[in-house]
Amino acid sequence: MMTHRERVLRTFAFKEVDKVAFDLMENTSWPELDSFFAKEYGLYSTAEILDFLDCDFRWAFAKSPYTSGETGRDHFADNISVNLLKDVESVEELERLFHPNPDNRIIPDFAAIREQYPDHAIVFCPLWMPAFTNCCMDFGMEEALCKMYTSPEIIEAYVEIHTECALEVLRRGIEKGAAKYCDFYWIGDDFATERNLMLHPDMWRRFFKPSIEKQVRMAREAGLKVIFHSCGAVESIYEDLIEIGISAHCGVQTSAHNMDIENLARKYGGRFVIYGGVDAQTTLINFTPEEVEHEVRRNIKAFENCGDYIVSNSHHGMADMPGENLIAMARGAGRIK
């Protein structure tokens with residue numbers, strides 16, 4: 001039997017494993033799921049749930065002074081500049097108003113997390129710092145998208161400032177041991193609908209790809225593999241993600257356009273790790289537990305000769321997602337009998 005960490009690292013090396021890697025997406029539970037596990041299995045913490053499901057990953061989350069609770073994962077609460085930039089018409093105005101602060105990320109104690117989980121793969125997650133999504137929040141979506149055409153210099157300056165903040169958070173994480181104690185760095189942004197990107201791929205490449213690439217380069221130079229989260233139909237930029245050194249797409253939504261599991265296995269198997277694929281909007285909501293198990297086994301079969309698939313829910317926090325279906329997902333992955 002492999003350890004959890006050995007299994008995950010072999011998956012990312014496209015090598016044979018004893019059983020498919022498995023995770024509860026981003027180690028996130030939610031109130032309805034907590035109630036289910038407390039009532040049905042006597043489990044009263046996320047840690048107990050993760051152990052029960054036999055998850056291979058543990059996530060080292062930064063915290064924010066704008067959030068409360070043990071994990072501090074209320075991602076949007078610390079975006080205090082929402083709509084602040086809606087009337088900005090020059091780079092000078094932007095620079096006067098826009099000052100994202102890396103101090104809003106409290107770096108976790110990586111050594112303590114590794115000591116607690118010596119045999120798990122550990123992901124450093126700095127919380128939600130997405131350039132595109134925050135740009136749309138800070139300017140307003142319509143204004144942000146229009147400015148990409150009418151005032152591209154303002155968007156370029158925004159992304160540059162945003163990127164420097166994100167790089168400083170990563171730099172501080174590395175200084176405090178992220179590369180020594182963790183295996184992965186997580187980056188996320190949401191720029192797609194269920195049909196396609198919200199902006200033309202060439203516009204994404206111009207404004208946002210360089211920002212992601214800088215973060216990936218810093219993480220990889222420190223020795224961390226990079227997992228990228230984005231919801232929706234993002235297959236059209238998979239080659240870009242591979243090109244800049246991203247190892248995996250987290251949150252794979254198979255109900256989105258061109259994201260069906262057979263297509264992904266055929267085109268990217270052996271080159272790019274697919275983390276997710278058990279759809280949170282369809283499979284885990286509408287299917288019976290037996291059907292969920294079947295869907296999980298279908299996904300595993302699609303990647304059986306590729307070695308680069310991680311069974312996981314495509315997203316978390318869905319109040320109407322039956323706990324029985326999360327159990328079925330783990331059972332389909334061979335984690336629960």
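1. In this predicted model, the residues of helix H6 that count as buried are Ala 131, Phe 132, Thr 133, Asn 134, Cys 135, Cys 136, Asp 138 and Phe 139. That makes eight of the nine residues of the helix, which spans residues 131–139, and H6 is therefore largely enclosed by the rest of the structure. The packing partners of these buried residues are four other helices, namely H4 (91–97), H7 (141–150), H8 (152–175) and H11 (209–222). Just after H6, the backbone at Gly 140 adopts a positive phi of about 95°.

2. As to the chain as a whole, the secondary structure consists of 16 helices and eight strands. The radius of gyration is 20 Å, close to the 20 Å that the globule rule gives for 337 residues, so the chain is as compact as a globular protein of that length. Taken along the principal axes, the box filled by the C-alpha atoms has dimensions of roughly 60 × 40 × 35 Å.

3. Burial and contact order can be read alongside those dimensions. Of the 337 residues in the chain, 56% are buried, and among contacts between residues at least 6 apart in sequence, 77% join residues at least 24 apart. The area that the chain exposes comes to about 14,300 Å², of which carbon and sulfur atoms supply 49%.

4. The charges deserve a separate point. The chain carries 35 positive and 55 negative charges, and the mean positions of the two sets lie 5 Å apart. Side chains of opposite charge can pair when their charged atoms come close, and with a limit of 4 Å between a side-chain nitrogen of Lys or Arg and a carboxyl oxygen of Asp or Glu, the count of salt bridges comes to 27.

5. One of these salt bridges joins the side chains of Asp 54 and Arg 335, with an N to O distance of 3.1 Å. This pair links distant parts of the chain, since Asp 54 sits in the loop between helix H3 (46–53) and strand S2 (57–61), whereas Arg 335 lies in the segment after helix H16 (323–332), 281 residues apart. The partners can also be described by their accessibility: Asp 54 is partly exposed, at a relative accessible area of 21%, while Arg 335 has 9% and counts as buried. Both residues belong to a network of salt bridges that also includes Arg 7, Asp 18, Lys 19 and Asp 56.

6. A salt bridge within a single helix is formed by the side chains of Glu 168 and Arg 171, at 2.5 Å from N to O; the two residues are three apart in helix H8, and are therefore separated by about one helical turn. An α-helix has 3.6 residues a turn, so residues three or four places apart point the same way. Glu 168 is partly exposed, with a relative accessible area of 23%, and Arg 171 is likewise partly exposed, with a value of 30%.

7. A further salt bridge brings together the side chains of Arg 331 and Glu 293, with 3.3 Å from N to O. Here too the pair links distant parts of the chain, Arg 331 being in helix H16 and Glu 293 in helix H15 (residues 289–302), 38 residues apart. Arg 331 is partly exposed, with a relative accessible area of 27%, whereas Glu 293, at 11%, is buried.

Key: Residues are numbered from 1 along each chain as its sequence is written. This is a predicted model: local features need pLDDT of at least 70, side-chain atom pairs count only at pLDDT 80 or more; totals for chains, interfaces and linings use all residues. Side-chain values use heavy atoms; hydrogens and water are left out. Buried means under 20% relative accessible area, exposed over 50%, partly exposed in between (1.4 Å probe, protein chains only). Contact means heavy atoms within 4.5 Å. The radius of gyration is taken over C-alpha atoms; the globule rule is 2.2 Å times the number of residues to the power 0.38. Accessible areas come from the Shrake-Rupley method with a 1.4 Å probe; for residues, only the protein chains shown count as cover. Lys and Arg count as positive and Asp and Glu as negative; His and the chain ends are not counted. The place of a charge is taken as NZ of Lys, CZ of Arg, CG of Asp or CD of Glu.
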